[in-house]
Amino acid sequence: MLSSQAVASDSGYTAPWETLPPTPQLPKPKFQGQAGINGMKLWYATFGPSPRVSLEKGISPGVFLHGGGINSNWWGHQIKYLKERVYSVIAIDSRAHGRSTDDLSQPLSYDALTEDVIALMDELYIPRFSVVGWSDGAILGLNIAMNYTGHLDRLFSFGATYDVSNANLTGAAGSKAVRALIPRREAEYKVLSPTPDQFETFLQRKDAMQASEPTRTASSFQKIPILYTNKHAPMIWIVTGDSEELVKRNVPGEIHSFIWGSALVTLPLACRRSRHSNRYDRKASEGPSLARVSKTPSNTNPPMNKKVDRLSSRDPIAHLIDKRNLIQLHTITYPTSHQTTRIESPSARLTYKPRAIGNATAMGNTTSSHKISAQDKAILDLKNQRDKLHQYQKRITVLTDRETAIARECLARGDRERALLALRRKKYQQSLLSKTDAQLEQLERLTGSVEFALVQKDVLFGLSQGTKVLHAIHREMGGLEGVEKMIGETEEARAYQEEISRMLGGQISNQDEDEVEDELEALEQEVAGPPAKLPDAPTSTLPDEVRSKEERARERKRERAKARAAMPMEA
């Protein structure tokens, strides 16, 4: 790949990342319109199969979110390619951008823009979807991953930041593409916006949002479930261009390190703006690959060499999205944990080979056959209804606040009848709110009952398995009779061993006993001191009753035998 210095050395050549290509146009949508969302009208368009058809096939729709200050037209090339495939694609103009209106009663914020996306998905009955986000749209995708994880299947986050300090102000000031964007942004706003005369107001509100947000930290990303340990965790790609001009170079790697299990991808010859210059001429013979450009646009720049020409003739974003099945649910592909994949192939064959989940998982070549049960679907439906009611409550709250404001304005003008009508509408909305509270309580109780019943089912299954194990152990033990027989045999063996030990421990010869007795008598005499002087022994013959030493020994033997016989037997 050519370095920026080598390219710059050609005085007549301008690098592709230093030019702002023409804004593409969206292909003809299957449907486009505005949805009343959170006090304003949010524009969206659908392409390819309808979201309902995709969901029935197990494919999550892909939601494309554009960058700050522009509109969904900038996704024209990617959507043109993807809509001809199996994916259902939804493009959204964020509030105050493009064809969407604004609510000037509240400031612009990334949280409000995120809630708009979730509310639209609820409106379209799409419980789970994938997000392809660029710049501000990438920030919204990370917000959804952190705060609405249950809705997110996969995220392709290109050029995101997590803090206002991530901006590369020097790179932005020196970028020709950024400078060229400023007048085009205003022109497009005045063509597309329902309020073309409010561009300055829009610009001030957008700049105020970007100057103060986002303010995330590493701990903020801990709310995202960990891949491989949670089956509901979204798969996330953190993507940047090797010529990124608005975000500091270390930021994508930091976000990647915050999200365990995410993948970090660097696109070659790509920056934040210039990647939209690629165009396609789809040919059936090329199958799943992206088509080459049928004709190179004429310009004053000298031609690049063949390798770079081949690379610039493809859109790496759409190529990655399609190659990795980002939107497709039924062919799940996990990225390697904390793996940086730098794509440098000059032929634009973006080599990325993550380990697939299906026949072999990334966690040890074991098969996975988890299926969503009817109970799981029922719980999901209940929670979706609960979320919709919460969203409905928010809308009602906004309406009641608005009716109160209208009543105040009418009273200020002296129009009491209109003020009374506004308060009546407010009262009606409040009655709907109380009914919604009751419905929410019923849903919460029902959801809790179903989940607790499933827990009881699992507990009962565990008890059943434990009982089977106990029965098997008892059979191996031979039942109660076998245990009683074993205990009896054990007692007999123990008593027999004790008898042997007792006999061995008390065995000593009579001669040894006599010597011990004599030694004891000698010690007693030694302790008692020298014997008192005795009278002289008589010279006469001893009487017959005097016993000999042998007789005393025999007597002591008889006493020992009696003592042993009197000892109690141990149990």
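Helix α12, covering residues 374-413, is a good place to start: its 40 residues reach 58 Å from the first C-alpha to the last. That is close to the 58 Å expected at 1.5 Å a residue. Keep in mind as you look around that this is a predicted model.

What comes right after α12? The helix is followed by Gly414, which has a positive phi, near 85°. Next, have a look at Asp415, which pairs up with Arg418 in a salt bridge, with the closest N and O atoms 3.2 Å apart. Asp415 is partly exposed, because its relative accessible area is 24%. Arg418, at 53% relative accessibility, counts as exposed.

**Salt bridges**

How many salt bridges does the structure hold? There are twelve of them. The idea behind them is simple: side chains of opposite charge can pair when their charged atoms come close. Here are three of the pairs.

| Salt bridge | N to O distance |
|---|---|
| Arg95 and Asp116 | 2.7 Å |
| Glu403 and Arg425 | 3.0 Å |
| Arg418 and Asp415 | 3.2 Å |

Take the pair Arg95 and Asp116, joined by a salt bridge. Arg95 sits in the loop between β4 (89-92) and α4 (110-123), while Asp116 is in helix α4, so the pair ties together parts that are 21 residues apart in sequence. Are these two buried or exposed? Both Arg95 and Asp116 are buried.

Now go back to α12 for another salt bridge, the one where the side chains of Glu403 and Arg425 meet. Glu403 belongs to helix α12 and Arg425 to helix α13, so this pair links parts that are 22 residues apart in sequence. The two partners differ in how covered they are. Glu403 counts as buried because its relative accessibility is 11%, whereas Arg425 is partly exposed, with a relative accessible area of 33%.

Some salt bridges also share partners. Arg128, Asp153 and Arg154 are joined into one network in this way.

**Along helix α13**

Helix α13 runs over residues 416-477, and Val459 is one of its residues. Val459 counts as partly exposed because its relative accessibility is 49%, and a residue has to be over 50% to count as exposed. On the surface, Val459 joins Phe452, Val455, Leu460 and Leu463 in a nonpolar patch. Together these residues have about 510 Å² of accessible area.

Ser434 is in α13 too. At 43% relative accessibility, Ser434 counts as partly exposed. Measure along the chain and Ser434 is 41 residues from Gln393. In space, though, the C-alpha atoms of Ser434 and Gln393 are 9.4 Å apart.

You can try the same trick with Ala160 and Ile139, which are 21 residues apart along the chain, with their C-alpha atoms separated by 5.3 Å. Ala160 lies in the loop between β6 (152-158) and α6 (169-173). With a relative accessible area of 7%, Ala160 is buried.

**A charged patch on α15**

Which residues gather in the patch of negative charge on the surface? They are Asp512, Glu515, Asp518, Glu519, Glu521 and Glu524. Glu519 lies in helix α15, which spans residues 510-528. Because its relative accessibility is 52%, Glu519 counts as exposed.

**Unusual backbone spots**

A bit of background first: most residues other than glycine have a negative phi, and most peptide bonds are trans. With that in mind, check out Asn38, where phi is near 50°, a positive value in a residue other than glycine. You'll find Asn38 in the loop between β1 (31-37) and β2 (40-47). Asn38 is buried, since its relative accessible area is 12%.

Tyr125 has a positive phi as well, near 60°. Its place is in the loop between α4 and β5 (129-134). Is Tyr125 buried or exposed? Tyr125 is exposed, because its relative accessible area is 54%.

Finally, where is the cis peptide bond? Follow the chain from Glu213 to Pro214: the bond there is cis, with omega near -5°. Pro214 lies in the loop between α8 (199-212) and β7 (235-241).

Conventions:
Residues numbered from 1 in each chain as written. Predicted model: local features only at pLDDT ≥ 70, side-chain atom pairs only at ≥ 80, totals over all residues. Heavy atoms only, no water. Patch = residues over 30% accessible without salt bridge, like charges linked within 9 Å, V, L, I, M, F, W, Y side chains within 5 Å. Areas by Shrake-Rupley, 256 points an atom, 1.4 Å probe, with all protein chains shown as cover. Salt bridge = Lys/Arg side-chain N within 4 Å of Asp/Glu carboxyl O. Lys, Arg positive; Asp, Glu negative; His and termini not counted. Charge placed at Lys NZ, Arg CZ, Asp CG, Glu CD. Helix = DSSP H or I, 4+ residues; strand = E, 2+ residues; numbered from the N terminus. Buried < 20%, exposed > 50% of the residue type's maximum accessible area, 1.4 Å probe, protein only. Expected span 1.5 Å × (residues − 1).
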